[in-house]
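Biologist: Hello! I am new to this structure, so please take a close look at one topic, disulfide bonding, and then set it in the context of the chain.

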Amino acid sequence: MDSLAFLGWCCVQMLLLLITICRFSDCYDPLDPNGNITITFDVLSYVPNGYVARVTIQNYYQYRHVENPGWRFGWTWAKNEVILLMSGAFAIEKGNCSAFNQVPHSCKPDPVISDLMPDLLDSTSQNRPDGCCRGGILTAWAINPSMSYSSFELTVGNLEQNTTGYKPLNLTLMAPGLGYTCGPLMETNPTHYSAIGGRRDEQVSRTWKSRCTYSSYLAYTTPICCVSLSTFYNPTITTCPSCSCGCKEANGNAISCVREGAVPSNSLGTDIVQCTNHMCPLRIHWHIKNNYQNHWRVKLTVSNYNYGRNFSDWNVLVQHPGFGLPASVYSFNSTTLSTIGVPEDVALFWGKEFYNTELLQADEHQLGSLTTEILLQKDPTSFTLRNGWGFPRRTYVNGENCQMPPPDEFPMLPNGSPRQKPFHGQFPHLLSVLYFIYGTLFGF
């Protein structure tokens, strides 16, 4: 085999390996191509046989947050290091420290660190680093950058003399469940920071950085959300596709079901949801409500079918060309996101503080639901209600891609879909005349 043929064979094998590890759509998000969680180890100073470091966990995902019970971050020491002291976080296991007269904070060769709660005071509370003690919760970068990071400090010991330290190995991140893969720590330029009220520039001794990326394929074996559609001009409601998030149990009388494909090891518990044909814990409903001369109105509803879980600080992302013009959102916070190489515009929605940031769990009588109306301006060169233009191209909940109905099942304009159920009597003739007049006036 010549060198060119061998190179081609290697490329094919690597491509097959990539496909085996994860589906492309789960490994790369075109709406957030630069999203990641960056881990930074800053060596602040040196102590006898060790060093003092600050660790920062920064969430750069635009619309993926870390929710309760928060992150857990771990690594493996390169040598025989121990954690002498910690501030702003704690190791969840102490390990065997019998060899030390002065007991360290943790002697585990592979410590796992968890954040402190905001209301928990420790013995070093006066020296807490900025960004600590948030219960491991990181907001999405596009929603609140100031709350999108955590930090803690640790004193590392039990190293040989005159060493500058070794990079920790095998980084792991549970945020709060599975899905994240972290690369090795790499030496970078030392971090700079300001002192004396910004009048002095200082830098740390050494800086190591790693990026952790998320894959839905590693976190879930099935999707967690789906989309249903309806309009004012068609009585047909397009429901979520059957088995969107797993298939319903054979017992047709059951009210609650254990969702197929749920991952109990994700620290959030098994999903017990209302038994439906789609079996999704979360559903987005997009209803085209009104069509005016210069505007059109949509009602967006988020529903929780999960019997045992509230969703805190939820967010919904919708990709639609209509968001290229100003829109009024009445009950949710919203912003538009800049995307590169994506033809349609993207809008991000989340709850208003002290009003609807919590999407409550369902019970046997009702779903947990939140809703808002959205008034969008029309672009006369592109707006139409034909061919499904008014429906989302893509929808996410908490960063997870939701299952959309196929386009041939979208609600169609009257007389434009064979799925439309006929009305009886002379009413359909009157309805057709009214739609013709309305369409002529308002251009759909």
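Modeller: Let me start with a word we will need: a residue is called buried if its relative accessible area is under 20%, exposed if over 50%, and partly exposed in between, using a 1.4 Å probe and protein chains only. What you see is a predicted model, in which local features need pLDDT of at least 70 and side-chain atom pairs need pLDDT 80 or more, while totals for chains, interfaces and linings use all residues. Residues are numbered from 1 along each chain as its sequence is written, and side-chain values use heavy atoms, with hydrogens and water left out.

Now to the links themselves. Searching the whole structure gives 8 disulfides, each a pair of cysteine sulfur atoms within 2.5 Å. I will take you through three of them, one by one.

We can begin with C182 and C212, which are joined by a disulfide with an S to S distance of 2.0 Å. The angle about their S-S bond is 105 degrees, and the link is right-handed. C182 belongs to strand 9 (residues 180-182) and C212 to strand 13 (residues 206-214), so this disulfide ties together parts that are 30 residues apart in sequence. Strands here are DSSP runs of E with at least two residues, helices are runs of H or I with at least four, and both are numbered from the N terminus. Are these two cysteines buried or exposed? C182 is buried, and C212 is buried too.

Next come C225 and C402, whose sulfur atoms are also bonded, at 2.0 Å from each other. This disulfide is left-handed, because the torsion about its S-S bond is about -95 degrees. How far apart in sequence are the parts that C225 and C402 tie together? They are 177 residues apart, since C225 sits in strand 14 (residues 225-231) and C402 in the loop between strand 27 and helix 4 (427-442). C225 and C402 are both buried.

Strand 14 brings us to the third pair, as C226 lies in that strand as well. C226 forms a disulfide with C240, and the two sulfur atoms are 2.1 Å apart. With 80 degrees about the S-S bond, this link is right-handed. C240 is found in the loop between strand 14 and strand 15 (256-258), 14 residues away from C226. C226 and C240 are buried, both of them.

What about the rest of the chain? The protein chain has 444 residues, and 45% of them count as buried. Its secondary structure comprises 4 helices and 27 strands. Strand 27, met above beside the loop of C402, takes part in an open sheet of 5 strands, with antiparallel pairing and the order 22-23-20-26-27. Strand 27 (400-401) is an edge strand of this sheet and so is strand 22 (333-337), each pairing on one side only. Further in, strand 20 (residues 315-319) pairs with strand 23 (residues 346-350) in the antiparallel sense over 5 bridges; for two strands to count as paired, DSSP must find at least two bridges between them. One residue to look for there is V316, whose bridge partner in strand 23 is F349.

Finally, consider contacts, meaning heavy atoms within 4.5 Å. Among those between residues at least 6 apart in sequence, 70% join residues at least 24 apart.
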